[in-house]
Number of protein chains: 2
Amino acid sequence: MEWELQSDRPIYTQLVEELKRRIISGYYRPGEKLLPVRELAQEAKVNPNTMQKALAELERQNLVFAVRTTGRYITEDAELIAETKKEFASFHVQTYYREMHALGYGKENMIELLSEYEEECR
Amino acid sequence: MEWELQSDRPIYTQLVEELKRRIISGYYRPGEKLLPVRELAQEAKVNPNTMQKALAELERQNLVFAVRTTGRYITEDAELIAETKKEFASFHVQTYYREMHALGYGKENMIELLSEYEEECR
DNA sequence: TTTCTTGTGTCATATATTTAGTACAATAAT
DNA sequence: ATTATTGTACTAAATATATGACACAAGAAA
């Protein structure tokens, strides 16, 4: 799994998103132990402080928790994960609809373009 | 038309996007004269320097041009506008598809959720 | 001509972000 | 008991972003 970071937004914000994506997609399982901050940072080619900042934010949202000297783990609260996933999906549905609607595209166009892209990917 | 600015990304980046959105949606017409930087900045509740930075970027992309002492205008290059619109739309199609796909949603789900949201808006 | 408006440039300052380096406490591993 | 690993905290420095306050040149408007 890759860490694709752009330069047009704060890195730690992008790290929060990618970590969240990995949790709600199931790539990281509930209760799973994460790699240490320093290694995660190395993987993402980022400063440990920056990764720490991202993890602190996920902790604030209860998606991960730290056991001092032992390591950091994904939450076991499956309901929270499901809820977060739902919010994440809704956000993207809204964004897509609103951006396309603002350009004058209607529902049919949105679906059509989506289908075309899907075929392109296959 | 409102200037909705979030705090999680550089403001001038968001200004570039909003201005581009207004151009490719036809809200600003080809050749149309824009309000002076200072007024646009006031509208968006932003510092003139920040608005200037955004306009300079649009100028770099040839979407607007400045006539020194007279004002700033939208390009008359309809083809460039159409091309930019196409790119903008493709970007959102891709983003939506890839984000949802990463969460395990398939094409049918993507369409279903989109339809639901569309009804919600009506 | 004089005045006003335009885009543009510069300087200073404040804040946010990112990296680098270091250090510490707690506990697991030896 | 000693060592290594963990999260965490702190300082310093570099860069990016945003605002504020000016100033200037060139053309439009008076």
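This passage describes the interfaces in a predicted model of two protein chains and two DNA strands. Local features were taken at pLDDT of at least 70 and side-chain atom pairs at pLDDT 80 or more, whereas totals for chains, interfaces and linings use all residues. Residues are numbered from 1 along each chain as its sequence is written, chains are lettered from A and ligands numbered from 1 in the order in which they are written, and side-chain values use heavy atoms, with hydrogens and water left out.

The contact between the two chains (heavy atoms within 4.5 Å) takes 30 residues from chain A and 30 residues from chain B. The size of an interface is often given as the accessible area lost when the parts come together. Here, chain A and chain B bury about 3100 Å², with 73% of it on carbon and sulfur atoms; buried area is the accessible area (1.4 Å probe) lost by two parts on being put together, summed over both. On the side of chain A, the residues that lose the most area to chain B are A:Leu103, A:Leu114 and A:Tyr117, which together give 21% of what that side buries.

Three salt bridges (a side-chain nitrogen of Lys or Arg within 4 Å of a carboxyl oxygen of Asp or Glu) were counted between chain A and chain B. One of the pairs in a salt bridge is B:Arg98 with A:Glu4, at 4.0 Å from N to O. Four residue pairs, with both residues at pLDDT 80 or more, are in polar contact across the interface of chain A and chain B. A polar contact is a pair of N or O atoms within 3.5 Å; within protein, one must be able to donate a hydrogen and the other to accept it, and residues adjacent in sequence count only if both atoms are side-chain atoms. Elements are DSSP runs numbered from the N terminus, namely helices (H or I, at least four residues) and strands (E, at least two). Of these, α1, α4 (78-102) and α5 (107-121) of chain A each supply at least two residues of the side that touches chain B, and α4(A) gives the largest share, twelve residues.

DNA strand C is surrounded by 23 residues (a heavy atom within 4 Å), the closest being A:Ile11, A:Thr50, A:Thr69, B:Arg68 and B:Arg72. Sugar and phosphate make up 61% of the atoms of DNA strand C that come within 4 Å of the protein. Phosphate oxygens of this strand lie 2.8 Å from a polar side-chain atom of A:Thr50 and 3.3 Å from a backbone N or O atom of A:Asn47. The side chain of B:Arg68 places an N or O atom 2.8 Å from a base nitrogen of DNA strand C.

DNA strand D is surrounded by 22 residues, of which A:Arg72, B:Ile11, B:Asn49, B:Thr50 and B:Thr69 are the closest. For DNA strand D, sugar and phosphate account for 61% of the atoms within 4 Å of the protein. N or O atoms in the side chains of A:Arg72 and A:Gln52 lie 2.2 Å and 3.2 Å, respectively, from a phosphate oxygen of DNA strand D. A base nitrogen of DNA strand D is 2.8 Å from a polar side-chain atom of A:Arg68.
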